[in-house]
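Trainee: I should like a close look at a single part of this structure. Could you take one helix and describe how its residues are placed and what surrounds them?

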Amino acid sequence: MTSGPGDPQIVPISPVFGAEIHGVDLASGIDDETFRLVHQAWLEHGVVAFRDQSPLTADAQVEFALRIGPLHTHPAAPAEHANAAVFVIRTHRDSSISNGNGWHSDVSCDEEPPSATMLQIQLLPHCGGGDTLFADMEAAYATLPATTRERLCGLSAIHASAHVYPGRYADRSDGKEALATPSAVHPVVRTHPETGRRSLFVNPSFTVAIDGMDSAEGGELLTELHEHCTRPEFQIRHRWQPYDVLLWDNRRVQHFAIWDYWPNERSGHRVTVQGTRPFFDPEGPEPDESPLRLSIGRLA
Ligand code: SIN
């Protein structure tokens, strides 16, 4: 039976961002009003976790993602699934890397990086582990001093992938996959195209330099920003239950898939939605003063 209006229960999981959604069965399909509520919750909370799910077929996952927008094609990952829109997430005993195992916003090196990512983990490591961390870049922006925010609003950064993608998927392909290593210049502070809110848009995986700044000064600034962005106050941690589905907004959050379960296996299906070119609107509103109290990282 299709989930109908009134079904979703949306439960925030931290005072900052992230919510769980109960009462929606994605495998059975959802009606337009339920989709509208889910979409609104995703925009409001940045990450939503659908609990109590069953395995989604590739078609069902793709159909849901297409309701958000046209799909994004990964520039480098080989198509392993019969449905080419599905990116197979799989880490096992012989993996040399684990996908997503470092802070990043998906494919931020693209001119038009993905907006949404939808992931269902179908095989959890049998001894536990394999959680996914998220960090809220709106909170990261809002907690910076006003003078720093003003400075950052005038800067752009280079996002590259030539240091990330070559060889990354070698164990998954026959070596004949087309490999693209895109790079792009994006504003350091971006305006969300749907909510109008500002967030920091740099990450340690793809952001390699501040545009027009010498590498020492730019590198120092990026190091400071990466440290700030990954403060515990801006983080949530998703502990996967069988067949959970996560939907996150790459325009607002970074994520980090923890690989603490070797030699066990973890696998699932990821589908991403095409985003638009990141921009900064200088006329847009500044966030209200953040209520967050930032720790100095030790007891004082
Ligand atoms: C990814 O970065 O898309 C993978 C996230 C995960 O496996 O938890």
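Mentor: Two residues are in contact if their C-beta atoms, placed from the backbone, lie within 7 Å. The model is predicted, and the part chosen here is helix 5, residues 215-229.

Its length comes first. At 1.5 Å a residue, the 15 residues of helix 5 should span 21 Å, and the end C-alpha atoms are 20 Å apart, which agrees.

Next come its two sides. Leu221, Leu222, Leu225 and Cys229 are the buried residues of helix 5. They cover an arc of only 100° around the axis, which puts them on the same side of the helix. An α-helix has 3.6 residues a turn, so residues three or four places apart point the same way. The face turned away from the buried side of helix 5 carries the exposed residues Ala216, Glu220, Thr223, Glu224 and Glu227.

As for the surroundings, the cover over the buried residues of helix 5 includes strand 6 (132-136), helix 3, strand 10 (198-200), strand 11 (207-210) and strand 14. Helix 3 comprises residues 137-142. One of the buried residues, Cys229, is in contact with Met137. Leaving aside neighbours within four places in sequence, Met137 is also in contact with Ser199, Leu200, Phe201, Arg252, Val253 and Gln254.

Met137 leads on to the interior. The largest nonpolar core has 57 residues, and those with the most contacts inside it are Val47, Val48, Met118, Met137, Ala140, Leu200 and Leu247. Helix 3 gives this core its largest share, five residues.

Strand 14, part of the cover over helix 5, is also one of the elements that give two or more residues to the shell around the ligand.

Terms used. Residues are numbered from 1 along each chain as its sequence is written. This is a predicted model: local features need pLDDT of at least 70, side-chain atom pairs count only at pLDDT 80 or more; totals for chains, interfaces and linings use all residues. Helices (H or I, at least four residues) and strands (E, at least two) are DSSP runs, numbered from the N terminus. A nonpolar core is a set of buried Ala, Val, Leu, Ile, Met, Phe, Trp, Tyr and Cys residues joined through C-beta atoms within 7 Å. A residue is buried if 20 or more other C-beta atoms lie within 10 Å of its own, exposed if 12 or fewer, and partly exposed in between; C-beta atoms are placed from the backbone. The expected span of a helix is 1.5 Å times one less than its number of residues. The arc is that of the directions from the helix axis to the C-beta atoms.
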